[in-house]
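Q: Could you take a close look at the sheet in this model, and describe how its strands are arranged and what can be said about the cysteines?

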Amino acid sequence: MSDSILQNLFWVLVCYPLIGAVGWTIGGIYYRYFYSGRNRKFQPIAAAEQPMVSIMIPAHNEEVMIEETIEYLMNELNYENYEVLVCDDGSYDMTSEILASLAFRYSNLRVLHVEKNKGKAHAFNIGISFCKGEFVLSNDADTVPEPDALIKYMNYFMDPAYQNCAGVTANMDVQNRSLLLEKSQTVEFSSIVGIIKRSQLGLLGSMYAYSGANTMYRKAAVYDAGLFRQDRATEDISIAWDHQLNGWQALFDPDIMFYMNVPSTLEMLYKQRKRWAKGGIEVYFTNFFKVFKHPLKHISQVVMMIDQTGSILWSFLYCFGLFYMLFRFFWLILSQQTDALLHYVDMIFVFYSFMAIVGSWQLFAALVMDNHAKKLKYLFFAPVYMLWYWQVNTLTIITTFLPALKAVMGLQGEGTWVSPTRTKMKD
C-alpha cells in the first residue's frame with residue numbers, strides 16, 4: 001500500500017509542470033468569468049479630493065534611466081496631489097548630479113542621499129519615513145506607470161470596502177522589445193505572470209507576491225509589517241506574505257498597467273531569476289511553520305506552500321534525472337549500443353518537446369484570457385523560451401536553496417544591490 005502511494009506521489013511530482021499549467025489555466029478561467037472583483041469601474045477623483053501620494057524610487061547607479069523616468073512621472077500622470085521621493089542609495093555614477101539638476105526644476109521632487117549602499121529594502125525603509133503621503137507607490141528607476149495609474153490605485157484605497165487593503169499591485173508590460181530575448185519575455189510577463197496572479201486572487205483570495213517594480217502600499221501597513229526585510233533577496237515577496245499573515249489584504253488588478261525594461265541578455269536574465277528564486281525559498285522557510293501551525297487560518301498560504309514544495313522537489317528530481325540521463329547517454333555511446341542510443345535520444349526529444357508544448361499551452365491560454373490577442377505573434381518564440389525557462393528555473397532553485405536557508409537562519413548579513421545594465425526605453 002505504501003509503495004503504491006509513493007509511486008503515485010512520484011508520478012504526480014514528475015507531472016508537476018503539466019499539473020501547474022492546468023491549474024493556472026483553470027484559475028484564469030475562473031477569474032475571468034466568475035471572480036466578482038474583475039473589471040472594476042474606476043471613477044475619476046477630483047483634484048481637491050485626491051489623497052497625497054508619495055512615489056518612492058530607490059536608486060543605485062541609475063544614470064541611464066533616472067532622468068527619463070522622472071520626466072515622465074512629473075509630466076504624464078493624471079493626478080495632482082503627489083510627490084516623487086528618490087532615495088539615492090550609495091550611487092557613485094552620475095545619478096546624484098542628475099537628481100540635483102532635476103530637483104531645481106521640479107518642486108515636488110525630493111532627493112535623499114544614503115552614503116553606504118545597503119540594498120533596495122534599506123533604501124525604501126529610509127525613504128518611507130520622509131514620505132508626506134499616507135500612500136506610497138514603489139516605483140523602480142526603469143519603470144513608468146500608465147497615466148491613470150494613481151487614480152486607479154486610489155479607487156481601492158478610498159473605497160470603504162478596502163480599508164483592510166495593504167497594497168495593490170499592477171499588471172506589468174514590457175517596454176523594450178527589440179531583441180529576441182525581450183520579445184520572449186513580453187509573452188511571459190504580460191500573460192503568464194498575470195494569469196498566476198489572477199488564479200491566486202480569484203481562487204484563494206490571496207497573492208504570492210507584489211510586483212516590486214510598481215505597487216501602491218498603505219504606509220500604515222508597511223509599518224505594521226515592520227518595514228521591508230533587509231536580509232531578504234526579494235523585499236516584495238517577503239512583505240506580501242508579512243501583510244497577509246498579519247491579516248491585511250493584498251490585491252492585484254490587471255487593468256492597472258506599468259511598463260518596465262526587462263533583461264536584454266541571458267546573463268542579466270539569469271541573475272534576475274536567481275534573485276527571485278532565492279527570495280521565494282527564503283519566504284518558504286521563513287513562513288513554513290507559521291503557516292502550518294494554523295493551517296485552517298492560513299489555508300490560502302497552505303495551498304501556495306504546497307505548490308512551492310512541488311516546484312522545489314521537482315527541481316531536485318529533474319536535476320538528478322538530468323545527470324542520470326547524461327551519464328546513460330555517454331555510456332551508450334562508449335559501449336556502441338546504437339539501437340539503444342537512438343531509442344534513448346527519441347525519449348529525450350519527446351520529454352523536452354512535452355515541456356515546450358506544456359509551457360507554450362500555458363502561454364497561449366494566458367494570452368487569450370488576458371485579451372492580448374495582438375501579442376499572439378510573440379508565441380513564435382515561446383517553445384524555445386519555455387525550454388530555457390524550465391532549465392533556469394531548476395538551476396536557480398538548486399543553487400539558491402542553501403544560501404536561502406542560511407539567510408533565514410541569520411547566517412548571512414544585510415544585502416547590497418548592484419544595478420542591472422540599463423538601456424534606454426524604446427517607443
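A: The sheet comes before the cysteines in what follows. This is a predicted model, in which local features need pLDDT of at least 70 and side-chain atom pairs count only at pLDDT 80 or more, while totals for chains, interfaces and linings use all residues. Residues are numbered from 1 along each chain as its sequence is written, and side-chain values use heavy atoms, with hydrogens and water left out.

The sheet is open and has eight strands in the order S3-S2-S1-S4-S7-S6-S8-S5, with mixed pairing; strands here are DSSP runs (E, at least two residues) numbered from the N terminus, and two of them pair if DSSP finds at least two bridges between them. Strand S3 (109-114) and strand S5 (143-145) stand at the edges, where each has a single partner strand, so one side of each is left without a neighbour in the sheet. From one strand to the next, the twist averages 30°, with axes taken as lines fitted to C-alpha atoms and angles running from 0 to 180 degrees between N-to-C directions. Strand S2 (residues 82-89) runs parallel to S3 and is joined to it by six bridges, and Val84 has Leu109 in S3 as its bridge partner.

As for the cysteines, zero disulfides are found in a search of the whole structure, a disulfide being a pair of cysteine sulfur atoms within 2.5 Å. The sulfur of Cys87 is 9.4 Å from the closest cysteine sulfur, that of Cys131, which is too far for a bond. Cys87 is buried, with a relative accessible area of 0%, and Cys131 also counts as buried, at 7% relative accessibility, where buried means under 20% relative accessible area, exposed over 50%, and partly exposed in between (1.4 Å probe, protein chains only).

Terms used:
Helix = DSSP H or I, 4+ residues; strand = E, 2+ residues; numbered from the N terminus.
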